[in-house]
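Here is a short set of exercises to work through with the model open beside you. Try each task before reading its solution.

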Amino acid sequence: MVSTQQAKKEFESAKLYTSVHNIDLEEFYSSGHRTCQGCESALVMRDFVKASGPRTVVTGATGCMYVANTSYMTTPWVVPWMHTQLGAGGASAIGMAAGLRALMRKGKIKDEKINVINFSGDLGGGDMGLGGISGALQTDYDLLVIIYDNESAANTDIQATNLTPYGAQTTFSPTGPARRIMHTKWKKNVAAMLAVGHPNCKYVATACATWPPMDYMNKVKKALSIGGPTLIHTLDPCPKGWDYHPRYSGELGQLAIKSGLFPLYEIIKGEVRYTYDARKQKRVPVREYLEKQGRFTHFIDEDYELFQSKVDEMWNDWEIPGVAPLRGILKLSQ
Ligand SMILES: Cc1ncc(C[n+]2csc(CCOP(=O)(O)OP(=O)(O)O)c2C)c(N)n1
Ligand code: SF4
Ligand SMILES: [Mg+2]
């Protein structure tokens, strides 16, 4: 475990928010975007750049957060922002960080800390761009990759990705009389996979933009102050893709965490710290979360039960609950 003293030191050096009243009023992702009402991915954008401040450059992979944010020559981005190809988030961050380092070394720009942040979606980052992100996490550059996960290829009309939950209806996996469940894969465990395989990566966290309050913004601050390659994976309720009224985005994010379905943690130099400990808190039945979304309306009792058993297994049987899906070491028989 991280010692209290070490945690205190990190906390102080990152200048974390201790109350919503400390949060800067200035916006660096402001009006001019065309995301859906209730879009949590838009909040992920707004809040990371609020936490990182004006000395930030952003690269963004294709997806809702590119298209909805740059339509018809309008943009909410106040800081320098660059679009990059769907699977190229990691490579674009390396290039940006390397370019800035070279310019500073040659004295062409002031030598100062400039935050380099890439955002990529669950398809662009968690599937297609995984190789580039892996490359970025093995460098010695100061860069942060945020995988914003709305659990579908939302921009191209809600196709399933490998981060779409089991059984969800998407345009690739419609339910019907012949087959009720079309998407039969369990969600890929991206953050932990990237954390365990990249010794150079200094900080990995999972987060949700709205709950617990300030948790996500403070994780961004920590990632940037720890420096080196870092990664945050956010779960972003998406009213269009998940099929619910936009007013419930905050509640759904909270239910995903309180049911234990989306584990909230940070890994600093190999040590896990739960930021919502679903091992110890009484978990909300996952059915309460699933029933509020149109993409699961075809579920029957056995589907809810399967979901619940998978969540319970994650917290009760895994070696590092909710994080690493290993169940210990088999004893070899003599
Ligand atoms: C190489 C490539 N293949 C396909 C596309 C079409 N395309 C554009 S956005 C997108 C979906 C991206 O999904 P995700 O990364 O999850 O971001 P979201 O749209 O959900 O925000 C796809 C398939 C593309 N731009 N480039
Ligand atoms: S489809 Fe989903 S991710 Fe895309 S803008 Fe709408 S709410 Fe946001
Ligand atoms: Mg997506």
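Two residues are in contact if their C-beta atoms, placed from the backbone, lie within 7 Å. Keep that cut-off at hand, and remember that this is a predicted model.

**Exercise 1. The overall fold**

Task: Find what share of the contacts between residues at least 6 apart in sequence join residues at least 24 apart, and describe the dimensions of the protein chain.

Solution. Start with the elements: the protein chain has 12 helices and 8 strands. Next comes the radius of gyration, which is 20 Å, close to the 20 Å that the globule rule gives for 334 residues, so the chain is as compact as a globular protein of that length. Along its principal axes, the C-alpha trace spans about 65 × 60 × 40 Å. Now filter the contacts: among those between residues at least 6 apart in sequence, 69% join residues at least 24 apart. Finally, 46% of the 334 residues count as buried.

**Exercise 2. The nonpolar core**

Task: Identify the residues with the most contacts inside the largest nonpolar core, then list the contacts of V204 beyond its neighbours within four places in sequence.

Solution. A general tendency sets the scene: in soluble globular proteins, nonpolar side chains tend to be buried together. Here the largest nonpolar core has 84 residues, and V145, I146, L194 and V204 have the most contacts inside it. Helix 2 gives the most to this core, with 7 residues. For V204, set aside the neighbours within four places in sequence; what remains is A191, L194, A195, L231, E266 and I267.

**Exercise 3. An enclosed helix**

Task: Decide whether helix 10 is largely enclosed or largely open, and work out what covers its buried residues.

Solution. The step needs a cut-off: a residue is buried if 20 or more other C-beta atoms lie within 10 Å of its own. Helix 10 covers residues 249-258, and 7 of its 10 residues are buried, so the rest of the structure largely encloses it. Those buried residues are S249, L252, G253, L255, A256, I257 and K258. Their cover includes helix 2 (40-52), helix 9 (239-242) and helix 11 (286-290), together with strand 6 (229-235), strand 7 (264-268) and strand 8 (271-276). Just after helix 10, G260 takes a positive phi of about 85°.

**Exercise 4. A helix pair**

Task: Describe how helix 4 and helix 6 cross, and name the residues that make the contact.

Solution. Two numbers are needed, as two packed helices are described by the angle between their axes and the distance between the axes. For helix 4 (residues 89-105) and helix 6 (residues 130-137), the axes come within 6 Å and cross at roughly 35°. Helix 4 contributes G89, G90, A91, A93 and I94 to the contact, while helix 6 contributes G132, I133, S134, G135 and A136. By class, this contact has 5 nonpolar, 5 polar and no charged residues.

**Exercise 5. Two ligand shells**

Task: Work out which element gives the most residues to the shell around ligand 1, and which gives the most to the shell around ligand 2.

Solution. Take ligand 1 to begin with: of the 16 residues around it, G63, C64, G121, G124 and N155 come nearest. Helix 3 (64-67) and helix 5 (122-128) are the elements that give two or more residues to this shell. Helix 5 has the largest share, 3 residues. The classes are 6 nonpolar, 9 polar and 1 charged.

Now turn to ligand 2, which is surrounded by T35, C36, C39, S41, C64, A68, N150, A154, C238, P239, K240 and G241. Helix 9 gives the most here, with 3 residues. This shell has 7 nonpolar, 4 polar and 1 charged residues.

**Exercise 6. Backbone details**

Task: Locate the cis peptide bond that involves P212, and place M214 and D243, which have positive phi values.

Solution. The cis peptide bond joins W211 and P212, with omega about -10°. P212 sits in the loop between strand 5 (203-207) and helix 8 (215-226). M214 is also placed in the loop between strand 5 and helix 8, and its phi is near 75°. With 18 C-beta neighbours inside 10 Å, M214 counts as partly exposed. D243 has a positive phi of about 65° although it is not a glycine. The loop between helix 9 and helix 10 holds D243, which counts as partly exposed with 16 C-beta neighbours inside 10 Å.

How values were computed. Residues numbered from 1 in each chain as written. Chains lettered and ligands numbered in written order. Predicted model: local features only at pLDDT ≥ 70, side-chain atom pairs only at ≥ 80, totals over all residues. Buried ≥ 20, exposed ≤ 12 C-beta atoms within 10 Å, placed from the backbone. Helix = DSSP H or I, 4+ residues; strand = E, 2+ residues; numbered from the N terminus. Near = placed C-beta within 6 Å. Nonpolar A, V, L, I, M, F, W, Y, C, P; charged D, E, K, R; others polar. Core = buried A, V, L, I, M, F, W, Y, C linked by C-beta atoms within 7 Å. Axes fitted to C-alpha atoms, helices over the stretch in contact; angles between N-to-C directions. Rg over C-alpha atoms; globule rule 2.2 N^0.38 Å.
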